[in-house]
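Subject: Structure for you to look at

Hi,

Here is the structure I promised to send over. Please open it alongside this email, and have a look before you read my notes.

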Amino acid sequence: MARLKQDTWQPLAIDEIKDPIIFVVDMVNGFVKEGALHDQEIARLIPAQQAVLKTLACRNVFVCDSHPPRTREFESYPPHCMIGTEEAEVVDELQPLIKYVLRKNSTNTFTAPAFEEYLDGGLDAYQDVIIMGCCTDLCILQFALSLQAWLNEHNKSGMRVIVPVDCVDTFDSPEHSAMFWNDAALQNMAANGICVVSSIK
């Protein structure tokens, strides 16, 4: 569950989900278990994520931060999740549920070249796009807003972007309050038409 001062979001019933695809963003060792940017509290999301993945048993895409040793993003963040390292791999608990892996070199899945196939008709087979993972105010927010804007631009009125609060979280540090940034990001997404729900059950 995202760390929040107060959870005011409502659940969404499984039977309300239509033709789903799930994107699991950055549930990799470098953000969950080890490295300069990890926060072990993110691991608390895993049981809820496992439950959704197993219950829906639909197409899923695990998005993994995977950077070359020299990358522009390291001007803003410490080196992390480098290609070929354990940091860039999905955590062991979720490995058995992987159906497809998509690697990215920025905080925004939408800009990854491998995501283009979904924009070229690949998303047309789905109605509900569920996004889970970390971090709520960075990778989740950027992907969800970009995708929502793309759906608006192309008048994909039959599709929804869904973010379950119990399946997302962000890191906490003295300079970065998880409670504040989770709330700000979730409110931002909801204000832009994204379906933010407490859980999918």
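Below are my notes on the sheet, its strand E4, one loop residue and the largest pocket.

A word on the basis: this is a predicted model, where local features need pLDDT of at least 70 and side-chain atom pairs count only at pLDDT 80 or more, while totals for chains, interfaces and linings use all residues. Residues are numbered from 1 along each chain as its sequence is written, and side-chain values use heavy atoms, with hydrogens and water left out.

The sheet
Six strands form an open sheet in the order E3-E2-E1-E4-E5-E6, with parallel pairing. (Strands are DSSP runs of E with at least two residues, helices are runs of H or I with at least four, both numbered from the N terminus; two strands pair if DSSP finds at least two bridges between them.) Strand E3 (101-104) and strand E6 (195-197) are at the edges with a single partner strand each, so one side of each has no neighbour in the sheet. From one strand to the next, the twist averages 25 degrees (angles run from 0 to 180 degrees between N-to-C directions, with axes as lines fitted to C-alpha atoms).

Strand E4
E4 (residues 128-133) has six of its six residues buried, meaning under 20% relative accessible area with a 1.4 Å probe and protein chains only; exposed is over 50%, and partly exposed is in between. Asp128, Ile130 and Met132 cover one side, and Val129, Ile131 and Gly133 the other. Six bridges join E4 to the parallel strand E1 (residues 20-25), with Val24 opposite Met132. Three bridges join E4 to E5 (residues 160-164), also parallel, and here Val129 stands opposite Val161. Between E4 and E5 the chain passes through helix H4 (residues 136-153) in a right-handed β-α-β crossover (clockwise from the first strand over the helix to the second, with the strands pointing away from the viewer).

A loop residue
Gly122 is in the loop between helix H3 (116-119) and E4. Gly122 counts as partly exposed because its relative accessibility is 28%.

The largest pocket
Its volume is about 170 Å³, the space filled by probe spheres set on grid points joined across faces, edges and corners. (A pocket is an open set of points on a 1 Å grid over the protein atoms alone, where a 1.4 Å probe fits, with protein on both sides within 12 Å along at least five of seven lines; lining residues have an atom within 4 Å of a point.) Of the 13 lining residues, Phe31, Leu37, Tyr77, Leu138 and Phe171 are the closest to its centre.

Best wishes
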